[in-house]
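Work through the exercises below with the model open. Each task is followed by its solution in steps.

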Amino acid sequence: MAKTHVTMTVNGEQVEGLVEPRTLLVHFIRENLQMTGTHIGCDTSHCGACTIDIDGMSVKSCTMFAVQAQGAEIRTVEGLANPDGTLSALQEGFRMMHGLQCGFCTPGMLMRAHRLLQEKPNPTESDIRFGIAGNLCRCTGYQNIVKAIQYAAAKLNGVEFQEAAE
Ligand code: FES
Ligand code: FES
């Protein structure tokens, strides 16, 4: 099948490749770019493990073709750390609040939470729960993921995170 040349920016770097028209963006990222932080849990838009940031929106990268991302500005979990290599507030939150167990959902959760905090720097608990509703986690029961995002929001706002009494 004839291949198409695509270019896009991923984590600040210009990338390019030859793809078939049917190549999913998540496959381009994982296989052509060898960036395997973006996971594939279902391939059918249900689980959210493949969530990345495209042109300022959260997108499940199994739901679009690589050719549709021509010219796009993309961020994946590999681009989430601070520029000096230290953990971002969200990564630190997931670590400190035990927001993961097996870790399979975590890249997608982090990227979805990243966009959520861009859109709502002071989210309520229900904003967070609603915001991550498209991302499934089979391990944690979500409670510590919510706390991890609350931790990050507090840190980004320069206040100390206070856990709500249970
Ligand atoms: S792999 Fe894309 S939503 Fe599950
Ligand atoms: S930590 Fe295992 S699926 Fe979320």
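**Exercise 1.** State which residues of α5 are buried, and what they pack against.

Solution. This is a predicted model. Step 1: taking buried as under 20% relative accessible area, the buried residues of α5 are I145, V146, K147, A148, I149, Y151, A152, A153 and A154. Step 2: these residues pack against α2, α3 and α4 (125-131).

**Exercise 2.** Check the length of α5 against the expected span.

Solution. Step 1: α5 has 14 residues, and at 1.5 Å a residue it should span 20 Å. The expected span uses one less than the number of residues. Step 2: the end C-alpha atoms of α5 are 20 Å apart, so the two values agree. Step 3: past the helix comes G158, with a positive phi near 75 degrees.

**Exercise 3.** Explain why α2 is described as largely enclosed.

Solution. Step 1: A89, L90, Q91, E92, G93 and F94 are buried in α2. Step 2: that is 6 of the 8 residues of the helix (residues 89-96), so the rest of the structure largely encloses it. Step 3: the cover over these buried residues includes α3 (106-119) and α5 (143-156).

**Exercise 4.** Describe the contact between domain 1 (4-79) and domain 2 (89-156).

Solution. Step 1: the domain centres, taken over C-alpha atoms, are 21 Å apart. Domain 1 gives 18 residues to the contact and domain 2 gives 13. Step 2: about 1200 Å² is buried between them, 57% of it from carbon and sulfur atoms. On the domain 1 side, H39, T51 and V77 lose the most area, together 34% of what that side buries. Step 3: the count of salt bridges between the domains is 1.

Notes
Residues numbered from 1 in each chain as written. Chains lettered and ligands numbered in written order. Predicted model: local features only at pLDDT ≥ 70, side-chain atom pairs only at ≥ 80, totals over all residues. Heavy atoms only, no water. Buried < 20%, exposed > 50% of the residue type's maximum accessible area, 1.4 Å probe, protein only. Helix = DSSP H or I, 4+ residues; strand = E, 2+ residues; numbered from the N terminus. Contact = heavy atoms within 4.5 Å. Domains from an automatic or database assignment. Buried area = accessible area lost by both parts, 1.4 Å probe. Salt bridge = Lys/Arg side-chain N within 4 Å of Asp/Glu carboxyl O.
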